[in-house]
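Visitor: I have a structure in front of me and would like to understand it step by step. Could you take my questions in turn?

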Amino acid sequence: MHRVALPPPMLLGLVVLLLAQLIGLGIAALTGPPIPGVVLGLVLLMVLGLLRLMRAVVQAAEPAARPLLTHLQLLFVSPGAGV
C-alpha cells in the first residue's frame, strides 16, 4: 500500500490563489464586466470562505497568503512609482 505525498502547505496555498485568479480572469473574459478578473477571483475566494463547506479551501490558501500580506506594502511600490 503506497501513500500519496501531499504537497507542502505553501505550494498548495499558491495553487489555490492562482486558481482563484485564473477563474476570475476567465469570468471577466467571458462576461466583460468593468471589474478586473483578479478582483473577481478574490471575491470568489471570499465567497468560498463564507460557505461552510468550502472553508477548507480558503484555509489551504492561508500559508501562502500570510507572507504576501506581511509584505503587501512592497507590492504597491511599482504601481505607485508609475503613477
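Visitor: What is the mean pLDDT of the protein chain?
Guide: This is a predicted model, and pLDDT is the predictor's confidence in each residue, from 0 to 100. In the protein chain, 90% of the residues reach 70 or more. The mean pLDDT of the protein chain is 83.

Visitor: In the protein chain, in which helix is confidence lowest, and in which is it highest?
Guide: The low end belongs to helix α5, which covers residues 77–82 and has a mean of 60. The high end, at a mean of 91, belongs to helix α1.

Visitor: How far apart are the end C-alpha atoms of α1, and what span should its residues give?
Guide: Helix α1 has 23 residues, and because each residue should add 1.5 Å, the expected span is 33 Å. In the model the end C-alpha atoms of α1 agree with this, as they are apart by 33 Å.

Visitor: Which residue just after α1 takes a positive phi?
Guide: The place to look is directly behind the end of α1, where a phi of about 70° is found. The residue that takes this positive phi is Gly 32.

Visitor: Which residues of α1 are buried, and what covers them?
Guide: The buried residues of α1 are Gly 13, Val 16, Ala 20, Gly 24 and Ala 28. A residue counts as buried when its relative accessible area is under 20%, and Val 16, with 13%, is therefore buried. What covers the buried residues of this helix includes α2 and α3.

Visitor: Which residues does Val 16 touch, not counting residues up to four places away in sequence?
Guide: Val 16 is found in helix α1, and its C-alpha atom is separated by 9.0 Å from that of Leu 45, although the two are 29 residues apart along the chain. With residues up to four places away left out, Val 16 touches Leu 45, Val 57, Ala 60 and Ala 61.

Visitor: Is Ala 20 buried or exposed, and which residues does Ala 20 touch?
Guide: Ala 20 also has its place in helix α1, and because its relative accessibility is 7%, Ala 20 counts as buried. Leaving aside residues up to four places away in sequence, Ala 20 touches Gly 41 and Leu 45.

Visitor: Which helices do the buried residues of α2 pack against?
Guide: Helix α2 runs over residues 37–50, and its 14 residues should span 20 Å, which agrees with the 20 Å between its end C-alpha atoms. The buried residues of α2 are Gly 37, Leu 40, Gly 41, Leu 45 and Gly 49. These buried residues pack against α1 (9–31) and α3 (55–70).

Visitor: Which helix supplies the largest share of the nonpolar patch?
Guide: The nonpolar patch on the surface has about 780 Å² of accessible area together, and its members include Leu 11, Val 15, Val 38 and Leu 42. Both α1 and α2 supply at least two residues each. The largest share, seven residues, comes from α1.

Visitor: Is Leu 42 buried or exposed?
Guide: Leu 42 is found in helix α2, and exposed residues are those with over 50% relative accessible area. Because the relative accessible area of Leu 42 is 53%, Leu 42 is exposed.

Visitor: How many salt bridges does a search of the whole structure find, and which side chains meet?
Guide: The search finds one salt bridge. Its two residues are four apart in helix α3, which means that about one helical turn separates them. Glu 62 counts as partly exposed because its relative accessibility is 38%. With 2.5 Å from N to O, the side chains that meet are those of Arg 66 and Glu 62.

Visitor: How far apart in space are Leu 72 and Leu 14, C-alpha to C-alpha?
Guide: Leu 72 is found in helix α4, residues 72–75, and with a relative accessible area of 33% this residue is partly exposed. Leu 72 and Leu 14 are 58 residues apart in sequence, and in space their C-alpha atoms are apart by 16 Å.

Terms used. Residues numbered from 1 in each chain as written. Predicted model: local features only at pLDDT ≥ 70, side-chain atom pairs only at ≥ 80, totals over all residues. Heavy atoms only, no water. Expected span 1.5 Å × (residues − 1). Buried < 20%, exposed > 50% of the residue type's maximum accessible area, 1.4 Å probe, protein only. Contact = heavy atoms within 4.5 Å. Salt bridge = Lys/Arg side-chain N within 4 Å of Asp/Glu carboxyl O. Patch = residues over 30% accessible without salt bridge, like charges linked within 9 Å, V, L, I, M, F, W, Y side chains within 5 Å. Areas by Shrake-Rupley, 256 points an atom, 1.4 Å probe, with all protein chains shown as cover.
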